[in-house]
Number of protein chains: 2
Amino acid sequence: MRAQVLALQVVLPSGKVITTGSRAPKTSAGYDLTGLFVGSEGTLGVITELTVRLYGIPEHAVALRIVFPTLGAACSAGAAAAAGLAATRLELLDEPAVIAANDHFGTSYPPGPCLLVEFAGSTESVRSDLELMHQIAEENEASELCHALSEEDRVRLWEVRHGQAEAVRAAWTGMGVRSTDVCVPISELPGAVEVASTEIAQLELTATIVGHVGDGNFHVAVAIDPTDPAAHSNFERFSDRLVEDALTRGGTCSGEHGIGLGKIAALEREHGDQIAYMRGIKRLFDPNNIMNPGKIVA
Amino acid sequence: MRAQVLALQVVLPSGKVITTGSRAPKTSAGYDLTGLFVGSEGTLGVITELTVRLYGIPEHAVALRIVFPTLGAACSAGAAAAAGLAATRLELLDEPAVIAANDHFGTSYPPGPCLLVEFAGSTESVRSDLELMHQIAEENEASELCHALSEEDRVRLWEVRHGQAEAVRAAWTGMGVRSTDVCVPISELPGAVEVASTEIAQLELTATIVGHVGDGNFHVAVAIDPTDPAAHSNFERFSDRLVEDALTRGGTCSGEHGIGLGKIAALEREHGDQIAYMRGIKRLFDPNNIMNPGKIVA
């Protein structure tokens, strides 16, 4: 996301309004305050306007759903596609996620781990990407590969992914949902998902795994009885284990959800030596600690 | 560049060594110190290791040289290509730049404004990009469009661009060279280059214009008699005028060269309201002002 933001209007805690960056595609005019505010979770100022990078509308787009015999095969195919092809979307769903979606959206996708992939560009480039994606799917023993050809089919296909939060809430009636957010180097994704999968089984969690495979980022959504403290501490043990594994693999505790309150200890583990500087930046912009206090750096 | 850097090892002024970021393709673990150090021109610490984003080697690549009747036509074609096509390189050379290159490298390219363009990817995607580039060239009345097919021809073609600094130094014997670095929104590039061109003529400068058109960034290299103070102040007036124009267009005073000493006033003009915060960041990391003192923020 950060790379897509060119400029920001920010209201600082003092009430002063600044505009960082510019509309130019790149800049080296001083320290990068734009990047500093992006992902600062409201702790440095309030973003009131943002200028994003624009891209042309592609001539052609095709979405695919590819079903694999195992989660490992889906991850390997996803990692291969992420490394070699320029998919515009590349998402993983494990079997429980597909089942939850089928139940909630009335789809009848085969209940198995799958990748949802989209390629966009010129008709020719999409065709050649599709050809390579077919090869990757075959090499990883995919059992089904379906193209969503109509606009309607594409929307339906992506609904299954975008509606995951909704689908698991409907599936897990009366339960709360907590989610992990580790992100690892693409080549480490199959290993990291395998660890998550093993831990889910060992801890007997009710959970789904969905992943932004193209980014090496995946979320495990876990059903939690909100009234049961043991369930929460069980989730936290699980989450800690995933963070520990991600850091060992050269990854990060948070790909996109941020630190907030819940991952302060994880941030300490990942960048402990930099917390003092982050705290200094916080004090510089917000000396009275009035902006989302206690988040990211306590 | 900033978006291509995933992680940094930095030696801080205190002697402490930190590693920002990770090998994960994205992260939202705390404030973005990686982006803060990139482009900080050695004022916050010494970067001793960096982890960059990797891309697959493309199956196919084609480089083009396209000659236009006017600089304006070359810029319009460049802006159209930058907005609609994913060129891997997209560079502009004005007529004096081509002549300097011919003289220095023994090439015999037609002396006129030109674009150097490269497309890379699958054979099919390159073919469709080339087709669109041909259309854009025709619409802008290009007089010549040559493909560099062999590896040797491609290297030779890019030598003309990469060797520009060398070529103008050879052409302007005994003279010094100073350069501008404004960057503007792509749609503003033709207008900004026209202003530069008009100013060059009015101030009777010996100069070349070369541009990273795909980024909206261009450099005017100006021949300066190093012993003549009037020549330097003449250049500074010219440079100020370009910065003023770039800022009016929503651009920046520096696309990639940075602020150093020479653009401190320009940075003040662009982000005057943020200098106090940049100074605060400088003090936070380098309280004794021992890292490249006086640069970016005085």
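**Exercise 1. Place B:Ala73 in this predicted model: which helix holds B:Ala73, and is B:Ala73 buried or exposed?**

Solution.
- Start with the backbone: B:Ala73 belongs to helix α2 of chain B, which covers residues 71-84.
- Next, check accessibility. The relative accessible area of B:Ala73 is 12%, and the cut-off for buried is under 20%, so B:Ala73 is buried.
- Now look for partners beyond four places in sequence: B:Ala73 touches B:Phe68 and B:Asn140.
- Finally, try a C-alpha distance. B:Ala142 is 69 residues away along the chain, yet the two C-alpha atoms are separated by 7.9 Å.

**Exercise 2. Do the same for B:Asn234 in helix α8 of chain B: which residues does B:Asn234 touch, not counting those up to four places away in sequence?**

Solution.
- B:Asn234 sits in helix α8 of chain B, a stretch running over residues 229-248.
- With a relative accessibility of 17%, B:Asn234 counts as buried.
- Its contacts, once sequence neighbours up to four places away are dropped, are B:Leu203 and B:Leu205.
- While you're in α8, pick out B:Phe235 and B:Phe238, which are 3 residues apart, or about one turn of the helix. Both are buried.

**Exercise 3. Find A:Gly45 in its loop. What does A:Gly45 contact outside its neighbours within four places in sequence?**

Solution.
- A:Gly45 lies in the loop that connects α1 to β3 (46-52) in chain A.
- A relative accessible area of 5% makes A:Gly45 buried.
- The contacts are A:Val10, A:Val11, A:Pro13, A:Phe37 and A:Met291.
- For a contrast, go to A:Pro185: A:Gly45 is 140 residues from it in sequence, and their C-alpha atoms are 31 Å apart.

**Exercise 4. Hunt for aromatic pairs. How many turn up over all chains, and what geometry do A:Phe37 and A:Phe285 have?**

Solution.
- Searching the whole structure gives 6 aromatic pairs.
- For A:Phe37 and A:Phe285, the ring centres are 5.3 Å apart and the planes meet at 75°, so this pair is edge-to-face.
- The pair joins distant parts of the chain: A:Phe37 is in helix α1 of chain A and A:Phe285 in helix α10 of chain A, 248 residues apart.
- Both rings are tucked away. A:Phe37 is buried at 1% relative accessibility, and A:Phe285 is buried at 2%.
- Compare B:Phe235 and B:Phe238: with centres 6.5 Å apart and planes at 55°, that pair is tilted.
- Add B:Tyr277, and you have one aromatic cluster made of A:Phe37, A:Phe285 and B:Tyr277.

**Exercise 5. Follow that tyrosine into helix α10 of chain B. What do the buried residues of α10(B) pack against?**

Solution.
- Helix α10 of chain B spans residues 275-285, and its buried residues are B:Ile275, B:Tyr277, B:Met278, B:Gly280, B:Ile281, B:Lys282 and B:Phe285.
- In chain A, they pack against α1 (33-37) and α10 (275-285).
- In chain B, they pack against α1 (33-37) and α9 (264-271).

**Exercise 6. Which face of helix α6 of chain A is covered, and what covers its buried residues?**

Solution.
- Helix α6 of chain A takes in residues 164-171, and its buried residues are A:Gln164, A:Ala167 and A:Val168.
- Look down the axis of α6(A): these residues fall within an arc of 90°, so they line one face of the helix.
- The cover includes β5 (89-93), α3 (95-105), α5 (151-162), β8 (176-179) and β9 (207-212), all of chain A.
- One more stop is A:Arg89, which lies over the face of A:Trp158, 4.4 Å from the ring centre. In chain B, the charged end of B:Arg89 sits over the ring of B:Trp158, also at 4.4 Å from its centre.

**Exercise 7. Which residues touch the most other members of the largest nonpolar core?**

Solution.
- This core has 130 residues, and the best-connected ones are A:Met133, A:Phe218, A:Val220, B:Met133, B:Phe218 and B:Val220.
- Take B:Phe218: beyond four places in sequence, its contacts include B:Val182, B:Leu189, B:Ala192, B:Ile209 and B:Leu242.
- As background, nonpolar side chains tend to be buried together in soluble globular proteins.

**Exercise 8. What turn lays chain B on chain A?**

Solution.
- A turn of 180° with a shift of 0.0 Å along the axis does it, giving an RMSD of 0.0 Å.
- That relation is a two-fold axis.
- The same surface serves both copies, as 100% of the contact residues of chain B recur in chain A.
- In chain B, B:Ser125 comes closest to the rotation axis, with its C-alpha at 2.0 Å.

Technical notes: Residues numbered from 1 in each chain as written. Chains lettered and ligands numbered in written order. Predicted model: local features only at pLDDT ≥ 70, side-chain atom pairs only at ≥ 80, totals over all residues. Heavy atoms only, no water. Least-squares fit on C-alpha atoms with pLDDT ≥ 70 in both. Contact = heavy atoms within 4.5 Å. Buried < 20%, exposed > 50% of the residue type's maximum accessible area, 1.4 Å probe, protein only. Helix = DSSP H or I, 4+ residues; strand = E, 2+ residues; numbered from the N terminus. Arc of directions from axis to C-beta. Core = buried A, V, L, I, M, F, W, Y, C linked by side-chain atoms within 4.5 Å. Phe/Tyr/Trp six-rings, centres within 6.5 Å; stacked < 30°, edge-to-face > 60°. Lys NZ or Arg CZ within 6 Å of the ring centre and 35° of its normal.
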